[in-house]
Amino acid sequence: ELRRKKGGAKNPMKGNKKGFVLIWFYLVSMFLIIMSAALLALMAQEMRLNAIDVAQEQAFWLAEGGLDRKLAELRQGNLASVDWTPMGDGTYSAAFCPRSLSPTPPCFANYPDQIISTGLVNGQSRTVIAVVLKMKPPGVRAAISSAGDIRVEGGITTDGRDHDGSG
């Protein structure tokens, strides 16, 4: 049997807790640094996505504003397109597209009359397409219509057809 003599070589790892605590501290520190970096990257990505959402929402409302403007112009008889118009942080444009077999952009073929309006904010765009319906006012059955008697002074020319409610 081998016996150890007093004062002989000691195991350097036995009882040396300072080294273990230092390694544990480094591991925990690295874990916290990695988690902090991941959290910062996640926050930056979330901020970018939020900025895109805000720009898309603003672009949508600019497109709606272009649609309203074009409708008002149509009521005044203006068929010309609205060129890119700055407003707030973006721009908008709008075009009236009458039904046509050979339309020009941004219009489509074989569609009813429509207004196409686009808003653009920070590279994000939204387009709104509205169908324009032309309806006769209530009670009107033909080009000359009255709810009561009509008196004409002077001449009147008609094409001879009897127009009913169906045209």
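This is a short talk on the sheet, the nonpolar cores and the aromatic pairs of the structure shown above. Before I begin, please keep in mind that this is a predicted model.

Let me start with the sheet, which is open and has four strands in the order β1-β2-β3-β4, with antiparallel pairing. The strands at its edges are β1 and β4, the latter covering residues 124-131, and each of these two pairs on one side only. From one strand to the next, the twist averages 15°.

If we look at the beginning of that order, strand β1, at residues 82-87, and strand β2, at residues 90-97, pair in the antiparallel sense over four bridges. Along this pairing, valine 82 stands opposite alanine 94 in β2, and proline 86 stands opposite threonine 91, also in β2. The two strands form a hairpin with two residues between them, and in the turn glycine 88 has a positive phi of about 60°.

Now I turn to the cores, and here a general remark may help: in soluble globular proteins, nonpolar side chains tend to be buried together. Which residues make up the largest nonpolar core in this model? There are eight of them, namely Ala63, Leu67, Leu74, Phe96, Ile115, Val128, Ala130 and Val132. Two or more residues of this core come from each of α1, which spans 17-75, and β4, and it is α1 that gives the most, with three residues.

To take one member of that core, alanine 130 is in contact with Leu67, Asp113, Gln114 and Ile115, if we leave aside its neighbours within four places in sequence. There is also a second, separate core of seven residues, which includes Val82, Tyr92, Ala94 and Val121. Two of these names have come up before, since Val82 and Ala94 are the residues that stand opposite each other in the hairpin strands.

Finally, the structure holds two aromatic pairs. In one of them, the rings of phenylalanine 25 and tyrosine 26 have their centres 6.1 Å apart and their planes at 50°, so this pair is tilted. Phenylalanine 25 and tyrosine 26 are both exposed. In the other, the rings of phenylalanine 60 and tryptophan 61 have centres 5.0 Å apart and planes at 75°, and because that angle is over 60 degrees the pair counts as edge-to-face. As for accessibility, phenylalanine 60 counts as partly exposed at 29% relative accessibility, whereas tryptophan 61, with a relative accessible area of 52%, is exposed.

Note on methods. Residues numbered from 1 in each chain as written. Predicted model: local features only at pLDDT ≥ 70, side-chain atom pairs only at ≥ 80, totals over all residues. Heavy atoms only, no water. Pairing = 2+ DSSP bridges. Axes fitted to C-alpha atoms, helices over the stretch in contact; angles between N-to-C directions. Phe/Tyr/Trp six-rings, centres within 6.5 Å; stacked < 30°, edge-to-face > 60°. Buried < 20%, exposed > 50% of the residue type's maximum accessible area, 1.4 Å probe, protein only. Core = buried A, V, L, I, M, F, W, Y, C linked by side-chain atoms within 4.5 Å. Contact = heavy atoms within 4.5 Å.
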